[in-house]
Amino acid sequence: GRASAPLAALSQVLRLERSRRTAIVFPLQKLERYLAPGTDTARFRLFQPGLAALQRAEALFRSDRGHPIDYVSSAVRMDHAPPPALPEVCFIGRSNVGKSSLIRALFSLAPEVEIRVSKTPGHTKKMNFFKVGKYFTLVDMPGYGYRAPQDFVEMVEAYLQERHNLKRTFLLVDSVVGLQKTDHIAVEMLEEFGIPYVMVLTKIDRASRGLLLKNVLEIQEFVKENTQGCFPQLFLVSSVEFSGVHLLRCFVAHVTGNLPTVEAC
């Protein structure tokens with residue numbers, strides 16, 4: 001197994017000075033100070049859990065003997081998928097969006113879980129199922145766009161329409177390039193099927209502050225004007241610096257029913 005990275009655990013983040021700590025846990029709030037006066041910031045703070053909720057969520061992502069986190073199986077067709085016994089979340093996005101890297105960051109406190117991260121886009125060709133104890137299942141979906149599997153649409157549409165235990169779909173968008181044509185197609189599919197989803201902006205460590213702010217505001221406006229099933233708050237993450245990873249763990253715990261009350265900090 002691999003060692004967990006620095007800042008993978010909240011206890012490590014809490015040792016940082018306050019502004020750095022806030023930037024790691026709530027990266028969207030870090031951008032607020034650069035907004036024009038009078039800008040509505042309600043969508044920046046819709047999900048703002050306190051420390052206790054963040055810690056409870058982290059415990060779900062930390063494996064131990066009584067709480068195993070395991071790769072279950074892979075599937076290319078729904079009849080190969082494991083039984084829908086637990087609440088489920090799935091992660092989808094363009095082939096080079098950093099999906100596997102983010103899932104590895106989420107599971108960094110369970111180093112025995114092997115998430116393959118390839119330098120070649122389109123590495124994930126199947127739906128990969130990971131069981132988090134007796135609490136929920138996380139599904140890594142194949143990437144769309146460049147080098148997508150031939151039967152991608154058939155596989156993903158069937159999953160989204162048939163998986164009745166699916167609680168939330170996480171649609172990953174590259175924060176450097178913003179929404180692309182293939183992302184718009186994914187949004188249309190989720191909207192058409194009535195699937196509740198949330199947008200996660202990846203690789204924020206690679207975007208300049210100005211570019212990140214521009215893309216955040218543009219995507220927020222897109223969500224407000226063009227979607228009904230998308231959670232109004234964006235989630236910003238860096239799998240390298242662990243920015244936003246703790247908050248995303250908490251949101252996953254919340255939407256799977258494992259964190260019923262989330263007190264604000």
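**Exercise 1. At what angle do H5 and H9 pack, and how far apart are their axes?**

Solution. Start with the geometry: in this predicted model, helices H5 and H9 pack at an angle of about 80°, with their axes 10 Å apart. Angles of 65 to 115 degrees count as roughly perpendicular, so H5 is roughly perpendicular to H9. Next, look at who meets whom: Leu-102, Ala-105 and Leu-106 come from H5, and they meet Val-245, Leu-248 and Arg-249 of H9. Sorting the residues of this contact gives five nonpolar, no polar and one charged.

**Exercise 2. Which residues of H4 and H9 meet?**

Solution. Take the axes to begin with. H4 (residues 51-60) packs against H9 at about 80°, and the two axes are 8 Å apart. H4 and H9 are therefore roughly perpendicular to each other. On the H4 side you'll find Ala-53, Leu-54, Ala-57, Glu-58 and Leu-60; on the H9 side, His-246, Leu-247, Arg-249, Cys-250 and Ala-253. Now classify them: seven are nonpolar, one is polar and two are charged.

**Exercise 3. Which helix gives the most to the largest nonpolar core?**

Solution. The largest nonpolar core has 48 residues, and Phe-91, Leu-102, Phe-107, Phe-170, Phe-235 and Leu-248 have the most contacts inside it. The top contributor is helix H9 (residues 245-255), with eight residues. Zoom in on Leu-248: leaving out residues up to four places away in sequence, Leu-248 touches Phe-91, Leu-102, Leu-106, Phe-170, Val-200, Phe-235 and Val-237. Don't stop there, though: a second, separate core of 44 residues includes Val-139, Met-141, Val-156 and Leu-212.

**Exercise 4. What is the strand order of the open sheet, and which strands stand at its edges?**

Solution. Read across the seven strands and you get E1-E3-E4-E2-E5-E6-E7, with mixed pairing. Strand E1 (69-75) and strand E7 (235-236) stand at the edges; each has a single partner strand, so one side of each lacks a neighbour in the sheet.

Now follow E2 (residues 88-93) to its partners. E2 runs parallel to E5 (residues 166-174), and six bridges join them. Within that pairing, Cys-90 stands opposite Thr-169, and Gly-93 has Leu-172 as its bridge partner. E2 also runs parallel to E4, this time with four bridges; here Glu-88 stands opposite Thr-137.

**Exercise 5. Are the faces of E2 covered or uncovered?**

Solution. Remember that side chains in a regular strand alternate between the two faces of the sheet. Split E2 that way: Glu-88, Cys-90 and Ile-92 are on one side, with Val-89, Phe-91 and Gly-93 on the other, and all are buried. That fits the count for E2, where six of six residues are buried. Helix H5 (residues 99-106) lies across E2, E4 (136-140), E5 and E6 (197-202), running at about 145° to E2.

**Exercise 6. Is Thr-202 buried or exposed?**

Solution. Thr-202 is in strand E6. Buried means under 20% relative accessible area; with a relative accessibility of 3%, Thr-202 counts as buried. Then check the surroundings: apart from residues up to four places away in sequence, Thr-202 touches Val-97, Leu-172, Val-173, Asp-174, Ser-175 and Val-237.

**Exercise 7. Which residues does Phe-193 touch?**

Solution. Locate Phe-193 in helix H7 (residues 181-193). Setting aside residues up to four places away in sequence, Phe-193 touches Glu-157, Leu-160 and Gln-161. For a wider view, Gln-233 is 40 residues from Phe-193 in sequence and 21 Å from Phe-193 in space, C-alpha to C-alpha.

How values were computed. Residues numbered from 1 in each chain as written. Predicted model: local features only at pLDDT ≥ 70, side-chain atom pairs only at ≥ 80, totals over all residues. Heavy atoms only, no water. Helix = DSSP H or I, 4+ residues; strand = E, 2+ residues; numbered from the N terminus. Contact = heavy atoms within 4.5 Å. Core = buried A, V, L, I, M, F, W, Y, C linked by side-chain atoms within 4.5 Å. Buried < 20%, exposed > 50% of the residue type's maximum accessible area, 1.4 Å probe, protein only. Pairing = 2+ DSSP bridges. Axes fitted to C-alpha atoms, helices over the stretch in contact; angles between N-to-C directions. Parallel < 35°, antiparallel > 145°, perpendicular 65-115°, else oblique. Nonpolar A, V, L, I, M, F, W, Y, C, P; charged D, E, K, R; others polar.
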